[in-house]
Amino acid sequence: MSSNPVLVLDIDGVVSLAQPGGPQPWNADLQRDWGFSSDEMVRDFFRKHWLEVVRGRLDLYVALQQYFETKGLADRVEEFVDYWFEKDAVIDSELLAIADAWRKRTGGRVFAATNQEHHRAAYLRDTVGLGAHFDEIIYSAALGVCKPERVFFTNAQARMGVTVAQSILFVDDSAANVDGARMAGWRAMLYRDRDSFGRALAGWG
């Protein structure tokens with residue numbers, strides 16, 4: 001077990017910039033490329049199935065198969081997942097470089113803590129290469145619970161082998177997630193931009 005400094009980063013909205021509502025949303029061209037809108041997908045897929053998927057209780061491909069059958073696209077699920085994951089991996093390499101430099105300077109450890117299902121977590125770790133920057137990507141489907149629930153953070157802390165909660169600095173673009181981390185005893189900051197993140201790390205560890 002360790003109380004050395006630990007940096008924990010959210011992925012979507014911090015490391016990846018492709019979330020809906022962000023600067024490069026992965027779903028911007030759904031209507032053109034797939035014949036249905038992002039609003040339709042939110043209504044008919046994400047609101048109905050996503051919580052179960054991201055908690056690890058329903059496989060992504062099974063959930064998408066049900067949705068795509070209603071669109072006459074049942075034979076294109078794998079193609080869609082490839083499309084989604086590729087477009088949803090706009091990685092801020094400069095931010096990762098700041099985290100890498102912090103690790104080198106302090107000898108601390110760096111983790112990701114993210115609401116994620118199994119397939120995309122593996123894609124981000126292995127295909128995109130985020131595994132090279134994190135000691136581990138800790139994610140909701142593996143824990144069976146999502147941020148901002150307190151048990152997500154307590155389980156993640158146990159998984160990281162951290163005894164002193166205040167040795168963790170957590171960075172997330174969601175105020176609710178930051179509050180959840182603080183309730184679990186972690187230090188936490190709301191992510192604004194790369195510059196303020198760099199300044200925070202300069203004084204951490």
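**Exercise 1. Around one phenylalanine**

Find which residues phenylalanine 134 is in contact with, leaving aside its neighbours within four places in sequence.

*Solution.* Start with the cut-off: contact means heavy atoms within 4.5 Å. By that rule, phenylalanine 134 touches Leu9, Val15, Leu96, Arg103, Val110, Phe111 and Ala112.

A word on the ground rules before going on. You are working with a predicted model, in which local features need pLDDT of at least 70 and side-chain atom pairs count only at pLDDT 80 or more, while totals for chains, interfaces and linings use all residues. Residues are numbered from 1 along each chain as its sequence is written, and side-chain values use heavy atoms, with hydrogens and water left out.

**Exercise 2. The core**

How many residues does the largest nonpolar core have, and which have the most contacts inside it?

*Solution.* First, the terms. A nonpolar core is a set of buried Ala, Val, Leu, Ile, Met, Phe, Trp, Tyr and Cys residues joined through side-chain atoms within 4.5 Å. Buried means under 20% relative accessible area, exposed over 50%, and partly exposed in between (1.4 Å probe, protein chains only).

Next, the count: the largest core holds 22 residues, and those with the most contacts inside it are Leu7, Leu9, Val15, Leu130, Phe134, Val171 and Phe197. Two or more residues each come from strand S1 (6-9), helix H5 (93-106), S2, S4 and helix H10 (194-202). H5 gives the most, with four residues. Helices (H or I, at least four residues) and strands (E, at least two) are DSSP runs, numbered from the N terminus.

**Exercise 3. The sheet**

Work out the strand order of the sheet and why one side of S3 and one side of S5 are left without a neighbour.

*Solution.* Step one is the pairing rule: two strands pair if DSSP finds at least two bridges between them. Applying it gives an open sheet of five strands, ordered S3-S2-S1-S4-S5, with parallel pairing. Strand S3 (136-139) and strand S5 (187-190) are at the edges with a single partner strand each, so one side of each has no neighbour in the sheet. From one strand to the next, the twist averages 25°; axes here are lines fitted to C-alpha atoms, for helices over the stretch in contact, with angles running from 0 to 180 degrees between N-to-C directions.

Step two is the register:

- Strand S2 (residues 109-114) pairs with S3 over four bridges, and alanine 113 faces isoleucine 138 in S3.
- S1 and S4 are joined by four bridges, with valine 6 opposite isoleucine 168 in S4.
- Strand S4 (residues 168-172) pairs with S5 over four bridges; phenylalanine 170 is opposite alanine 188, and valine 171 has methionine 189 as its bridge partner.

Step three is the connections. A crossover is right-handed if, with the strands pointing away from the viewer, the path from the first strand over the helix to the second runs clockwise. The chain passes from S4 through helix H9 (residues 175-183) to S5 in a right-handed β-α-β crossover. S2, H6 and S3 likewise form a right-handed β-α-β unit.

**Exercise 4. Inside strand S4**

Decide how many of the five residues of S4 are buried, and which way they point.

*Solution.* Five of the five are buried, so S4 is largely enclosed by the rest of the structure. Now split them by direction: Ile168, Phe170 and Asp172 point one way, and Leu169 and Val171 the other. As a reminder, side chains in a regular strand alternate between the two faces of the sheet.

**Exercise 5. Helix H4 and aromatic pairs**

Which residues of helix H4 (residues 77-87) are buried, and what do they pack against?

*Solution.* The buried set is Val77, Phe80, Val81, Tyr83, Trp84 and Phe85. These residues pack against helix H1 (30-34), helix H2 (38-54), helix H3 (60-70) and helix H6 (118-127). For contrast, glutamate 78 is also in H4 but is exposed, at 59% relative accessible area.

Then turn to the rings. Rings of Phe, Tyr and Trp (its six-membered ring) pair if their centres lie within 6.5 Å; planes under 30 degrees apart count as stacked, over 60 as edge-to-face and the rest as tilted. The whole structure has 25 such pairs. Phenylalanine 45 and tyrosine 67 have ring centres 5.8 Å apart and planes at 40°, so their pair is tilted. Phenylalanine 45 is in H2 and tyrosine 67 in H3, so the pair ties together parts 22 residues apart in sequence. Tryptophan 84 and phenylalanine 85 form an edge-to-face pair, 5.8 Å centre to centre with 65° between the planes.

**Exercise 6. A cis peptide**

Locate the cis peptide bond that joins lysine 147 and proline 148.

*Solution.* Omega for this bond is about 10°. Proline 148 sits in the loop between helix H7 (140-143) and helix H8 (150-160).
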